[in-house]
Each structure stands twice: as C-alpha cells, then as structure tokens.
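Welcome to this structure. Here are a few friendly notes to read alongside the sequence and the 3D view.

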Amino acid sequence: MESDQMLWDMLKSHIGHQVCIVAYGDTDDPMDICLECEECGEVILDAKIYTVAAREK
Ligand SMILES: [Zn+2]
C-alpha cells in the first residue's frame with residue numbers, strides 16, 4: 001500500500017475527532033512529538049516514525 005494511502009486512511013478514521021499535538025520530554029527540546037486523537041486515545045502521527053517528504057515531480 002502506498003504510504004500516502006495509509007496516511008489518508010489514518011487521518012480519515014479521525015475526521016471530526018479532537019486531536020492535539022503532544023510533546024514528549026522537554027517542551028523546549030522534545031524527544032518526540034506526536035499528533036494524538038483524544039477521542040480514540042491513539043497516536044495518529046509520530047514525528048519519529050513518519051516524515052513529510054517533499055513530493056518529487
Ligand atoms: Zn480518533
């Protein structure tokens with residue numbers, strides 16, 4: 001499965017949910033930053049795992 005499709009499905013399952021950005025460790029110099037869904041109690045995106053790559057044309 002394409003990673004874009006995975007991201008799409010991942011975000012789609014949380015449409016309308018309360019999400020927030022959570023920093024782990026020192027707030028000024030976090031070890032990790034995650035996008036979490038408060039309603040599901042799930043990490044949607046983990047900055048350590050996922051990267052936003054520039055699209056190559
Ligand atoms: Zn959710």
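1. Let us begin with the overall order of elements. Followed along its sequence, the chain reads α-β-β-β. In other words, its secondary structure consists of one helix and three strands. Please keep in mind that this is a predicted model.

2. A word on confidence comes next. The mean pLDDT over the chain is 86, and 84% of the residues reach at least 70. Confidence is highest in S1, at 94, while helix H1 (residues 3–12) has the lowest, with a mean of 85.

3. Now to the sheet. The three strands make an open sheet, arranged in the order S1-S2-S3 with antiparallel pairing. S1 and S3 (42–46) are the edge strands; each has a single partner strand, so one side of each lacks a neighbour in the sheet. On average, neighbouring strands here are turned by 40° against each other, direction ignored.

4. It helps to look at one pairing at a time. S1 (residues 19–25) and S2 (residues 30–37) run antiparallel and are held in register by seven bridges. Two residue pairs are handy landmarks here: Val-19 has Cys-37 as its bridge partner in S2, and Val-22 sits opposite Cys-34, also in S2. The connection from S1 to S2 is a hairpin of four residues.

5. On the other side of the pairing list, S2 and S3 are also antiparallel, joined by four bridges. Leu-35 is bridged to Leu-45 in S3, and Cys-34 stands opposite Asp-46 in S3. This gives Cys-34 a place in both pairings, since it faces Val-22 of the first and Asp-46 of the second. S2 and S3 form a hairpin too, again with four residues between the strands, and Gly-41 in that turn has a positive phi of about 65°.

6. Which residues coordinate the zinc ion? The donors are His-14 and His-17, each through ND1, together with Cys-37 and Cys-40, each through SG, at 2.0 to 2.3 Å. Along the chain these donors follow the spacing H-x2-H-x19-C-x2-C. The site is tetrahedral, with angles of 104 to 121° among the four donor atoms.

7. Are the two cysteine donors buried or partly exposed? Cys-37 has a relative accessibility of 2%, so this residue counts as buried, the cut-off being under 20%. Cys-40 has 35% and therefore counts as partly exposed, a class that lies between 20% and 50%. Cys-37 also ties the metal site to the sheet: besides binding zinc through SG, Cys-37 is the bridge partner of Val-19.

8. Finally, two figures for the chain as a whole. Of its 57 residues, 16% are buried. Among contacts between residues at least 6 apart in sequence, 16% join residues that are at least 24 apart.

Conventions
Residues are numbered from 1 along each chain as its sequence is written. This is a predicted model: local features need pLDDT of at least 70, side-chain atom pairs count only at pLDDT 80 or more; totals for chains, interfaces and linings use all residues. Side-chain values use heavy atoms; hydrogens and water are left out. Two strands pair if DSSP finds at least two bridges between them. Donors are N, O and S atoms within 2.8 Å of the metal (3.2 Å for Na, K and Ca); water is not among the atoms, so sites may look incomplete. Four donors count as tetrahedral if all angles lie between 85 and 135 degrees; four count as square planar and six as octahedral if opposite donors are over 155 degrees apart and all others between 65 and 115; anything else is irregular. Buried means under 20% relative accessible area, exposed over 50%, partly exposed in between (1.4 Å probe, protein chains only). Axes are lines fitted to C-alpha atoms, for helices over the stretch in contact, and angles run from 0 to 180 degrees between N-to-C directions. pLDDT is the predictor's confidence in each residue, from 0 to 100. Contact means heavy atoms within 4.5 Å.
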